[in-house]
Amino acid sequence: MWGFIFDLDGVITDTAKYHYLAWKTIADELEIPFTEEINERLKGVSREKSFEIILEVGNRLDMKSEERAKWCEKKNKLYVDYIKQMKKDEVLPGVRVFLEKIRKGGDCIALGSASKNSKLILERLELQKAFDVIVDGTMVTKAKPDPEVFLQGAKKMHINPENCIVFEDSTAGIEAAHKGGMKTVGIGDAKILRKADGVIAGFEGWTPEKIVEEVLFCVK
Ligand code: BG6
Ligand code: MG
């Protein structure tokens, strides 16, 4: 039996655009330059770490932790306003069918996300019932690239890490899954996700069996 563990942002749905808009507002107020390239570096990392990267770009790492917390809270309010408006058709192509196929095959499905907003996003996408286990940013003490989020997922599914397959769009997430002894499938660009065991552009046209046979155990 396999345990399939899915990251949320960038794997199930494209929330990077909302993170970008919210962080851009904050960066503009702090007069720190913020580009799509910097946004790329925020993928997979916690809210606090994301802000640290922005402060580093702006040479503002001297900001005190209480002030950092206020900006992070403000960013989250802006972000939540965007995700509250999400529609169920914002699930990435092929994801819903892929999840249904895993369910029909009898394997286990977990969410392994850094986000503290995962419940709201799954609700907006009407996907709450698609996961047997949910582990998110509200439940872990260590963020990716630490494997905690995925190891908790495996434990709750009662499946050994070596029988877990993690789907991730970020390098921090791929690193986390490997540290936890799991197999990895990168979602997106193979040049960026070169450490993943296999990379696919998206779920359209893929079945769980095809992933195991062609992506993870193919002769490269
Ligand atoms: C990850 C995103 O899934 O969640 C990161 O890729 C984000 O960009 C992190 O910073 C935390 O999300 P949230 O919703 O708790 O601010
Ligand atoms: Mg992600």
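**Exercise 1.** Find which residues of helix α7 (residues 148-157) are buried, and which elements these buried residues pack against.

*Solution.* Begin with the helix itself, remembering that helices (H or I, at least four residues) and strands (E, at least two) are DSSP runs numbered from the N terminus. In this predicted model, local features need pLDDT of at least 70, side-chain atom pairs count only at pLDDT 80 or more, and totals for chains, interfaces and linings use all residues. Residues are numbered from 1 along each chain as its sequence is written, while chains are lettered from A and ligands numbered from 1 in the order in which they are written.

A residue is buried if 20 or more other C-beta atoms, placed from the backbone, lie within 10 Å of its own, exposed if 12 or fewer, and partly exposed in between. By this criterion Val149, Phe150, Leu151, Gly153, Ala154 and Met157 are buried in α7. They pack against β1, β2 (108-112), β3 (133-135), β4 and α8 (171-179). Following α7 comes histidine 158, with a positive phi near 60°.

**Exercise 2.** Determine where aspartate 7 and glutamate 168 are placed, and whether each is buried or exposed.

*Solution.* Aspartate 7 lies in the loop between β1 (3-6) and α1 (16-29), whereas glutamate 168 belongs to strand β4 (residues 164-168). Next, count neighbours: aspartate 7 has 28 C-beta neighbours inside 10 Å and therefore counts as buried, and glutamate 168, with 29, counts as buried too. Finally, take contacts (C-beta atoms, placed from the backbone, within 7 Å): leaving aside neighbours within four places in sequence, aspartate 7 touches residues including Glu168 and Gly173.

Definitions and conventions:
Contact = placed C-beta atoms within 7 Å.
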